[in-house]
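Colleague: Hey, I'm new to this one. Can you walk me through it?

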Amino acid sequence: MAAVPLTNNRSRASVRIRNLRRSFANQTVLDAIDLTINQGEFVALLGRSGSGKSTLLRAVAGLDVDAKGSGEIDVPDRRSVLFQDSRLLPWSTVIENVSLGLYDAGIRERARAALLEVELPGKENAWPKTLSGGEQQRVALARSLVRSPDLLLADEPFSALDALTRIRMQRLLA
Ligand SMILES: Nc1ncnc2c1ncn2[C@@H]1O[C@H](COP(=O)(O)OP(=O)(O)OP(=O)(O)O)[C@@H](O)[C@H]1O
Ligand SMILES: [Mg+2]
């Protein structure tokens, strides 16, 4: 994957990547990547299959420990990742999944509000396996929203959905 053009406004930078490299065995996937994302910006990575989009996203998310030693990766601590599959815990209800790991006062109400925002009222106590694929992805989106992340990373989260649901989900995310 080639280097991405830089923007210059560093004071508002939320993500700042410099000279990031990542290789697997003898295959170099990311080569001297520079990327700046400012607050409030919505950035889409485009590239052919296997070009390194997910590899870059995992590095930015902090999920690739081996990418850490190369270059500079400066990202907000409060970040949230949406994957292609919802990755809900099957043994926890919808609202438990949304509020997973959060114990502050009012979390239940915030989780309920997030479920309303993704148009899933009344599904609080449902089990993930009783939901459709699109509904499960909406629960995953609610789980991200409830954390009020400073950076939301999404790796083709709606690609497994049918075309109409995907359009609705894209509008919802925007
Ligand atoms: N853990 C790994 N071990 C070895 N090779 C890997 C690993 N992760 C990714 N790769 C390789 O790095 C390259 C980029 O993969 P990546 O998943 O980043 O592509 P992508 O741009 O997200 O593709 P797609 O559009 O198909 O999702 C691929 O050739 C892949 O085989
Ligand atoms: Mg990918």
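Modeller: Sure, let's go through the ligand, a loop residue and the core. Keep in mind that this is a predicted model.

Colleague: Okay, which residues are around ligand 1?

Modeller: The shell is made of Phe-24, Val-29, Gly-47, Ser-49, Gly-50, Ser-51, Gly-52, Lys-53, Ser-54 and Thr-55.

Colleague: And how do they split by class?

Modeller: Seven are polar, two are nonpolar and one is charged.

Colleague: Which element gives the most to that shell?

Modeller: That's helix 1, residues 53-61, with three residues.

Colleague: Switching topic: where does Gly-40 sit?

Modeller: Gly-40 is in the loop that links strand 2 (27-38) and helix 1.

Colleague: Is Gly-40 buried or exposed, and why?

Modeller: Exposed, because Gly-40 has 7 C-beta neighbours inside 10 Å, and the cut-off for exposed is 12 or fewer. Also, the C-alpha atoms of Gly-40 and Ser-14 are 8.8 Å apart, with their positions 26 residues apart in sequence.

Colleague: Now the largest nonpolar core: how many residues does it have?

Modeller: It has 28, and among those with the most contacts inside it are Leu-20, Val-60 and Val-139. Helix 4 (133-145) is one of the elements that supply at least two residues; in fact helix 4 brings the largest share, five residues.

Colleague: Which domains does this core draw on?

Modeller: Domain 1 (10-75) and domain 2 (81-173), with at least three residues from each.

Colleague: You mentioned Val-139. What is Val-139 in contact with, beyond its neighbours within four places in sequence?

Modeller: Ser-86, Leu-88, Val-94, Asn-97, Val-98, Leu-120, Pro-128 and Leu-131.

How values were computed. Residues are numbered from 1 along each chain as its sequence is written. Chains are lettered from A and ligands numbered from 1 in the order in which they are written. This is a predicted model: local features need pLDDT of at least 70, side-chain atom pairs count only at pLDDT 80 or more; totals for chains, interfaces and linings use all residues. A residue is near a molecule or strand if its C-beta atom, placed from the backbone, lies within 6 Å of it. Helices (H or I, at least four residues) and strands (E, at least two) are DSSP runs, numbered from the N terminus. Ala, Val, Leu, Ile, Met, Phe, Trp, Tyr, Cys and Pro count as nonpolar, Asp, Glu, Lys and Arg as charged, and the others, Gly among them, as polar. A residue is buried if 20 or more other C-beta atoms lie within 10 Å of its own, exposed if 12 or fewer, and partly exposed in between; C-beta atoms are placed from the backbone. A nonpolar core is a set of buried Ala, Val, Leu, Ile, Met, Phe, Trp, Tyr and Cys residues joined through C-beta atoms within 7 Å. Domain bounds come from an automatic or database domain assignment. Two residues are in contact if their C-beta atoms, placed from the backbone, lie within 7 Å.
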